[in-house]
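Colleague: I should like to go through this model with you and hear the grounds for each term you apply to it. Please set the values against the criteria as we proceed.

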Amino acid sequence: MDSKKRQLMTWLGLIVVVCFGLGSFGCGGKGFSAGSLLQAPAQGGATAPAVPSGIFMRNDLDARPRMDSATGAPRRLLQFGHLSDVHITLEQFTFTGHPKLEMMLDGFGEQIGFGGLDRPEIQERYDVDTLRAMVKTLNAARPPLDFVVNTGDAVDIGTVPELVGFLSEMNQLECPWFQVVGNHDCLGMGNIPPAMLENFTDLDFLNKQEFIQKHFPVKDLSQSRTAFGSQAKGFDFSPASSGRPSEVRGYYAFTAVPPISVGGGGPNRPGIRFYVLETSRPAGKALGHVGKDQLRWLKKEIETHPRYLALVVSHHPIERIEEGAEELRNLLLAHPQVIALVCGHDHSHRIRPFSNAQQPGRGFWQIQTSSLIDYPQQGRILEIYDRGNGTGAIRTFVFNQQAGGQLGKNARASFQSAAGEEFDGSGSAGDRNVELLFQMPVLQ
Ligand SMILES: [Fe+2]
């Protein structure tokens, strides 16, 4: 057993000890509230994300002005916020071994990793503060954001109270927001099927269907805030969604901007659609997979919406998808309207071009954003422009929370702690504040 796994085993042992020890005081697993396990966040206002001065252009895809896809005047089409890997965690648990658990974990071999279990306590204590500070910062953006997307790992250990804490803060966003299933959202510690863990602990672990269902409104649907028609953070757009928990899938699509046709031979302007993937694997392991059903669905969706730029969203980047990565990459490269894959998982800013070798100028950008629990604890703003000359641009920059008062102090304490850790997800300058050119597709 390696040191990480031993640490996990020790830690899970403590969960058992603490829960059994506190059982008579209400820490019985299924019945506890988020408040008893997550520290209540502080108060404070916030200012807008700080726009950096040095945003430089990248044209790795070799996009070039073209008359056949030119629309005339430049125009901003959309502006959205991106958060990832928030990792709200139960900060009160750590402890000693459990032989049955050790045997079970040994059964996984060396294929799984549990990075983050040795994270400083202060980052876990102020995780909800950091999220609240970030939500307030996003609310202060001007003009207001069209929406926010969180690319998975809302929670850390993978329990219901963590998700309750996450949702209570995210639902304070004043714009619509969309959710993505990360490996920590449906697997214990991002790796282990929850049913296995519930034999060894008294915690209420989330499985994938429970995670998705928690995003559906509990009261009257008509009373809930909608996001481009969605009332369940996108999950009600799932292809098999009929409201029955067992049928809702984690992948879905939505239209953010409708296309514009001027008619009479005038310019057309593309719409924008988002295709959200489910890459986490309920059977276990942190790496991703994309099944054939989902790839078929994605292909059909993109092909039946040729007048839309396509942004694909997932938790895992292509490099962290173990099964189906090549098929996914080839599918995205085969469709010129795909301009980006927006994702997280690595807790690092990284922007990488995927070029289509057969068609110069074509390809897409993979855009990864850091975590809110590890350094640099940043979110990202993305704006999509039609440059009017047959090229488009994704203008993006990263930012830290801008909260004041005790809320800002707590979030800064977490940031300072993360800054002192070895892990640094800042990436290079080209991974942060850049304008990414792409070729506008020719609309039919
Ligand atoms: Fe994560």
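Colleague: Over residues 93-98, where does pLDDT stay, and how many contacts beyond four places in sequence does the model have for them?

Modeller: The model is a predicted one. Over residues 93-98 pLDDT stays under 50, and the model has 27 contacts beyond four places in sequence for this stretch. Residues 1-36 likewise stay under 50, with 83 such contacts. The chain as a whole averages a pLDDT of 84, and 80% of the residues score at least 70.

Colleague: Why is the pair of F147 and F254 called edge-to-face?

Modeller: The ring centres are 5.5 Å apart and the planes stand at 85°. Pairing requires centres within 6.5 Å, and edge-to-face requires planes over 60 degrees apart, so both conditions are met for F147 and F254.

Colleague: What makes this a tie between parts apart in sequence?

Modeller: F147 belongs to strand β3 (residues 147-150) and F254 to strand β5, so the pair ties together parts that are 107 residues apart in sequence.

Colleague: Are F147 and F254 buried or exposed?

Modeller: Buried means under 20% relative accessible area. F147 has 0% and F254 has 3%, so F147 is buried and F254 is buried as well.

Colleague: How do you know that F235 and Y252 form an aromatic pair, and of which kind?

Modeller: Their centres lie 5.6 Å apart with 80° between the planes, and the pair is edge-to-face. F235 sits in the loop between α8 (208-213) and β5, while Y252 is in strand β5, so the pair ties together parts that are 17 residues apart in sequence. F235 is buried at 0% relative accessible area, and Y252 also counts as buried at 0%. Ring pairs link F235, Y252, F147 and F254 into a cluster that also includes F274.

Colleague: Which residues have the most contacts inside the largest nonpolar core?

Modeller: They are L78, F166, F274 and I384, in a core of 75 residues. F274 touches, among others, L78, F147, Y252 and F254. Apart from that core lies another of 22 residues, including L295 and V312.

Colleague: What makes β5 and β13 edge strands?

Modeller: The sheet is open, with six strands in the order β5-β8-β10-β12-β14-β13 and mixed pairing. β5 (252-257) and β13 (350-355) each pair on one side only.

Colleague: How do you know that β10 and β12 pair?

Modeller: At least two bridges are required. Four bridges join β10 (residues 308-313) to β12 (residues 338-343), so the criterion is met, and the two strands run parallel. Within β12, L341 is the bridge partner of V312.

How values were computed
Residues numbered from 1 in each chain as written. Predicted model: local features only at pLDDT ≥ 70, side-chain atom pairs only at ≥ 80, totals over all residues. Heavy atoms only, no water. pLDDT = per-residue confidence, 0-100. Contact = heavy atoms within 4.5 Å. Core = buried A, V, L, I, M, F, W, Y, C linked by side-chain atoms within 4.5 Å. Buried < 20%, exposed > 50% of the residue type's maximum accessible area, 1.4 Å probe, protein only. Phe/Tyr/Trp six-rings, centres within 6.5 Å; stacked < 30°, edge-to-face > 60°.
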